Amino acid sequence: MRSDLNHDTIVAFLADIFDRRGGEEYLGEPVTMAEHMLQGATIAERNGLPEDIIVAALLHDIGHFTSEFGTFTMDDTEDRFHEDAGAEVLAPFFPSAITDCVLYHVAAKRYLCATKPEYFKRLSEASIHSLKLQGGPMSPEEVAEFRKNPNLERIIQVRYLDEAGKHADMETPGFAHFAPMVQRIVDRHRNGES
């Protein structure tokens, strides 16, 4: 964890990631990394979802940029655990409602593929490839354990937003539009509010 990150610098750090690296290819999808995350947040905002869901959708894939293992490619033969990397960076500054959405959005794909077979049809080719690397659909035991997470409903919402944020021609605001919302959540968390 970077020692220069604190409650006053985390939002600028995240904005810088979007500025510097957001234009990178997103796993063989027709959008860039930033477009993907901004689309999820925009769809959440347009649907009147709570700020924690909007921010979780905005940041769910931030670990692609912060993982020591780098970004996923279609040539990968093993998982890079971007969800762990993202949650690790965010955990000191965000409530578990958000960090769980980041940490478990991959598990949510596995969960939905196990519990809602029609969900598999929503997956892109890249998402199917990464699903194989991530362990495939959950076993019944994994499903039972996953259902115990107190943030399950939010995690599933963010997973659906993850799949929705892959439109080549969708207009979205930039990170700056969401930055005040992100800072509000950081400030509430710092003040002991959830």
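Here are some short exercises on this predicted model, each with a worked solution.

Before you start: residues are numbered from 1 along each chain as its sequence is written. Since the model is predicted, local features need pLDDT of at least 70, side-chain atom pairs count only at pLDDT 80 or more, and totals for chains, interfaces and linings use all residues, while side-chain values use heavy atoms, with hydrogens and water left out.

**Exercise 1. Get an overview of the protein.**

Step 1: list the elements, taking helices (H or I, at least four residues) and strands (E, at least two) as DSSP runs numbered from the N terminus. You get eleven helices and zero strands.

Step 2: look at burial, where buried means under 20% relative accessible area, exposed over 50% and partly exposed in between (1.4 Å probe, protein chains only). Of the 194 residues, 53% count as buried.

Step 3: turn to contacts, meaning heavy atoms within 4.5 Å. Among contacts with a separation of 6 or more, 73% come from residues 24 or more positions apart.

**Exercise 2. Check the span of helix α10 and find what covers it.**

Step 1: the expected span is 1.5 Å times one less than the number of residues. For the 13 residues of α10 (residues 152-164) that gives 18 Å, and the end C-alpha atoms are 19 Å apart, which agrees.

Step 2: pick out the buried residues of α10, which are L152, I155, I156, V158, R159, L161, D162 and E163.

Step 3: see what lies over them. The cover includes α2 (33-46), α3 (51-59), α6 (96-103), α7 (105-115), α8 (125-133) and α9 (140-146).

**Exercise 3. Describe how α2 packs on α10.**

Step 1: two packed helices are described by the angle between their axes and the distance between the axes. Axes are lines fitted to C-alpha atoms, for helices over the stretch in contact, and angles run from 0 to 180 degrees between N-to-C directions. Here the axes come within 8 Å and cross at roughly 125 degrees.

Step 2: name the arrangement. That angle makes α2 oblique to α10, given that under 35 degrees is roughly parallel, over 145 roughly antiparallel, 65 to 115 roughly perpendicular and the rest oblique.

Step 3: find the residues. H36, Q39, G40, I43 and A44 of α2 meet L161, D162 and A164 of α10.

Step 4: sort them by class, with Ala, Val, Leu, Ile, Met, Phe, Trp, Tyr, Cys and Pro as nonpolar, Asp, Glu, Lys and Arg as charged, and the others, Gly among them, as polar. You end up with four nonpolar, three polar and one charged.

**Exercise 4. Follow α3 to its contacts with α10 and α11.**

Step 1: start with α10. The axes of α3 and α10 are 9 Å apart at an angle of about 50 degrees, and the two helices are therefore oblique to each other.

Step 2: name the partners. D52, I53, A56 and A57 of α3 touch R154, Q157, V158 and L161 of α10. By class, that is five nonpolar, one polar and two charged residues.

Step 3: move to helix α11 (residues 175-190). It packs against α3 at about 120 degrees, with the axes 10 Å apart. On the α3 side are E51, D52, I54, V55, L58 and L59, and on the α11 side F175, F178, M181, V182, R184, I185 and R188. This contact has nine nonpolar, no polar and four charged residues.

**Exercise 5. Is S124 buried or exposed, and what does S124 touch?**

Step 1: locate S124, in the loop between α7 and α8.

Step 2: check its relative accessible area, which is 16%, so S124 is buried.

Step 3: list the neighbours. Leaving out residues up to four places away in sequence, S124 touches E29, E163 and K166.
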